[in-house]
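Q: Please take a close look at the sheet in this predicted model. Work outward through its strands, then cover what packs around it.

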Amino acid sequence: MSPSQAETPQKAPTSERGIAKLMRLTKLMVFGDRQPYARTPADVGLAFEDVSFPATDGVEMRGWFVPAAANPAPAVVFVHGWIWSRAGNAAGRVPFVDRDVDFLPATRALHDAGFHVLLFELANHGESGKRPPLTMGRWEARDFNGAMEYLRAREDVDSERIGALGTSAGANTVMYAIPDGPPVKAFLAVQPTRLPVFNRHFARDVLGPLGPAAAASTDMLYFFLRAPLPSRHDPATVAPMLGDTVVQYVQGTGDPWGEMGIVEDFSALTPHSLGVIKYPSAGRYEGYQYVSKEVDDVAAFFTAHL
């Protein structure tokens with residue numbers, strides 16, 4: 001990913017068509033991706049540590065810890081979206097149009113504001129361990145709570161001042177994790193999803209009129225894998241249990257796969273929500289540019305609430 005990747009045009013999807021495309025998408029949905037990253041925090045002038053820690057079920061997580069200048073200091077955890085890496089998203093690897101999303105500028109802004117930053121990969125992504133299938137937050141909550149336990153055990157981290165930034169499935173992950181894990185003081189939730197609705201819109205857009213039927217059929221696969229069914233995935237069920245966590249939701253106005261009303265529902269159910277930032281966008285990935293471009297706002301949110 002280049003330093004100006006947030007400004008790069010959309011890249012053409014790969015050439016799969018028909019059944020081959022459906023099979024590739026199904027594989028990505030179930031098993032994730034090991035997306036490489038071309039840059040590290042050093043590319044934005046930051047020292048960092050390669051770290052590893054267990055999820056709460058023992059699966060090994062791998063990531064980067066970017067230390068703050070002074071200790072002890074508060075910390076922010078980045079939780080990436082579906083088939084991304086700890087650095088964000090590198091476009092052009094999937095059979096649909098996506099865009100680069102760069103976490104490193106926001107990492108720099110948070111470091112400069114006095115925060116430690118932890119960027120890591122969820123299970124089935126990057127260099128972290130395996131736990132198939134992907135559940136878009138339900139099982140991945142174990143990964144996030146493992147990250148929280150890791151940070152709370154570090155002497156240089158103020159364990160009472162830890163926040164999270166989650167994008168898409170990463171935002172879902174944090175929502176599912178908070179009720180059963182250590183306290184999260186502040187949470188920036190960028191485009192969380194209600195999976196059945198997201199899958200229906202995504203499949204119609206990427207696969208055509210028969211796409212929603214194909215997406216619905218994944219319930220049978222997840223049933224045989226003894227995993228949470230996609231049709232029953234709804235972060236609204238846990239939004240009322242986010243307790244004292246201060247939550248700021250962000251949703252792109254032009255998202256063809258998500259729905260503003262769903263995120264507004266999450267916000268209405270969240271005890272300490274600051275509402276929904278309606279970020280101008282022409283597509284799903286343009287909504288994620290909030291993290292890449294509005295880095296001063298990202299840092300200001302955590303400065304105010306951690």
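A: Phe-78 has Leu-165 in β7 as its bridge partner. That pair belongs to the pairing of β3 with β7, which is parallel and runs over six bridges. Leu-165 also faces the next strand: it stands opposite Leu-188 in β8. There β7 and β8 pair in the parallel sense, over five bridges. Leu-165 thus has a place in both steps, with Phe-78 as its partner and Leu-188 in β8 opposite.

Now the other flank of β3. Strand β3 covers residues 73–79, strand β6 covers residues 116–120, and the two pair in the parallel sense over five bridges. Here Ala-75 has His-116 in β6 as its bridge partner. In a regular strand, side chains alternate between the two faces of the sheet.

The whole sheet is open and has eight strands. Its order is β1-β2-β6-β3-β7-β8-β9-β10. Pairing is mixed. The edges are β1 and β10 (273–279). Each has a single partner strand, so one side of each is left without a neighbour in the sheet. From one strand to the next, the twist averages 20°.

The β1 edge brings in antiparallel pairing. Strand β1 (residues 49–54) and strand β2 (residues 60–66) run antiparallel and are joined by six bridges. One of the paired residues is Phe-53, whose bridge partner in β2 is Met-61. The hairpin of β1 and β2 has five residues between the strands. In that hairpin, Gly-58 takes a positive phi near 95°.

The loops around β3 hold some backbone features. Pro-72 is in the loop between β2 and β3. The peptide bond from Asn-71 to Pro-72 is cis, with omega near -5°. Ile-83 sits in the loop between β3 and β4 (88–89). Its phi is positive, near 60°, in a residue other than glycine. Another cis bond runs from Pro-132 to Pro-133, with omega near 0°. Pro-133 lies in the loop between β6 and α3.

That loop leads to a helix pair. Helix α3 (residues 141–153) packs with helix α4 (residues 169–177) at an angle of about 75°, and their axes are 8 Å apart. That makes α3 roughly perpendicular to α4. On the α3 side, Ala-141, Phe-144 and Asn-145 make the contact. They meet Thr-173, Val-174, Tyr-176 and Ala-177 in α4. By class, this contact of α3 with α4 has five nonpolar residues, two polar and no charged ones.

Next, the helices on the sheet. Across β3, β7 (157–167), β8 (186–190), β9 and β10 lies α9. Helix α9 runs at about 115° to β10. So the strands under α9 include β3 and β7, the pair that holds Phe-78 and Leu-165.

Helix α9 also meets helix α10 (residues 295–305). Their axes come within 6 Å and cross at roughly 70°. The two helices are therefore roughly perpendicular to each other. From α9 come Tyr-290, Val-291, Ser-292 and Lys-293. From α10 come Val-295, Asp-297 and Val-298. By class, the contact of α9 with α10 has four nonpolar, one polar and two charged residues.

Last, the largest pocket. Its volume is about 440 Å³. It is lined by 29 residues, and the closest to its centre are Leu-25, Met-29, Trp-82, Asn-199 and Phe-202. The elements that give two or more residues to this lining are α1 (18–31), α4, α5 (195–207), α6 (211–216), α7 (218–224) and α9 (284–293). Two of these have already appeared: α4 in the contact with α3, and α9 across the sheet. The largest share, six residues, comes from α5. By class, the lining has 19 nonpolar, nine polar and one charged residues.

Notes: Residues numbered from 1 in each chain as written. Predicted model: local features only at pLDDT ≥ 70, side-chain atom pairs only at ≥ 80, totals over all residues. Heavy atoms only, no water. Axes fitted to C-alpha atoms, helices over the stretch in contact; angles between N-to-C directions. Helix = DSSP H or I, 4+ residues; strand = E, 2+ residues; numbered from the N terminus. Parallel < 35°, antiparallel > 145°, perpendicular 65-115°, else oblique. Contact = heavy atoms within 4.5 Å. Nonpolar A, V, L, I, M, F, W, Y, C, P; charged D, E, K, R; others polar. Pairing = 2+ DSSP bridges. 1 Å grid on protein atoms, 1.4 Å probe; cavity = no way out; pocket = protein on both sides within 12 Å on 5 of 7 lines; lining within 4 Å. Points joined across faces, edges and corners; volume = space filled by probe spheres on them.
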